[in-house]
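Work through the exercises below with the sequence and the model open. Try each task before reading its solution.

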Amino acid sequence: MGNLDRRNFLKLSASTLVGLTLGGTALHAVAQEQVKADDPMAVAMKYVDKSAVAGANCANCMQVQGKDGEKLRGCNIFPGKLVHADGWCAAWAKKA
Ligand code: SF4
């Protein structure tokens, strides 16, 4: 491989890597989008971003995933989506 070929090869590899990384990030973003109010599951479960039920919200629900303190968290009821820590839905059950 000549010097020039080698340089082109390296350039190609670098841009391919960037492309793959961006592609992965985009897929991740799609899989982790926030639950929308018009999501059929959200409608069925009466999900809201801001709980109107005293003492009950996604952050203290047994279905929530992720870490305490995070504003947007995964939920077993909404696979691949994110719910708001202050949110609520009809499946709420107090975390033990
Ligand atoms: Fe929030 Fe409902 Fe998921 Fe519990 S089940 S974390 S209340 S969306």
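**Salt bridges and a cavity**

Asp-68, Arg-73 and Lys-95 are linked in a network of salt bridges; a salt bridge here is a side-chain nitrogen of Lys or Arg within 4 Å of a carboxyl oxygen of Asp or Glu. The model is predicted: local features need pLDDT of at least 70, side-chain atom pairs count only at pLDDT 80 or more, and totals for chains, interfaces and linings use all residues. Residues are numbered from 1 along each chain as its sequence is written, and side-chain values use heavy atoms, with hydrogens and water left out.

**Exercise 1. Take the network apart, pair by pair.**

Step 1. Start with Asp-68 and Arg-73. Their closest N and O atoms are 3.3 Å apart.

Step 2. Add Lys-95. Its side chain meets that of Asp-68 in a salt bridge, at 3.6 Å from N to O. This pair joins distant parts of the chain, 27 residues apart. Lys-95 sits in the segment after strand 2 (78–84). Asp-68 sits in the loop between helix 2 (40–44) and strand 1 (72–75). Helices (H or I, at least four residues) and strands (E, at least two) are DSSP runs, numbered from the N terminus.

Step 3. Check accessibility. Buried means under 20% relative accessible area, exposed over 50%, and partly exposed in between (1.4 Å probe, protein chains only). Asp-68 is exposed, at 61%. Arg-73 is buried, at 2%. Lys-95 is partly exposed, at 33%.

**Exercise 2. Find the partner of Glu-33 and place both residues by accessibility.**

Step 1. The partner is Lys-36, with the closest N and O atoms 3.4 Å apart.

Step 2. Glu-33 is partly exposed, with a relative accessible area of 33%. Lys-36 is partly exposed too, at 44%.

Step 3. Set the pair in context. The whole structure has 5 salt bridges.

**Exercise 3. Describe the largest cavity and its lining.**

Step 1. Count. There is 1 cavity of 30 Å³ or more. A cavity is a set of points, on a 1 Å grid over the protein atoms alone, where a 1.4 Å probe fits but cannot get out; lining residues have an atom within 4 Å of a point.

Step 2. Size it. The largest cavity holds about 90 Å³ of space. Among its 13 lining residues, Cys-58, Cys-61, Gln-63, Cys-75 and Cys-89 are the closest to its centre. Grid points are joined across faces, edges and corners, and the volume is the space filled by probe spheres set on the points.

Definitions and conventions:
On a 1 Å grid over the protein atoms alone, a cavity is a set of points where a 1.4 Å probe fits but cannot get out, and a pocket is an open set with protein on both sides within 12 Å along at least five of seven lines; lining residues have an atom within 4 Å of a point.
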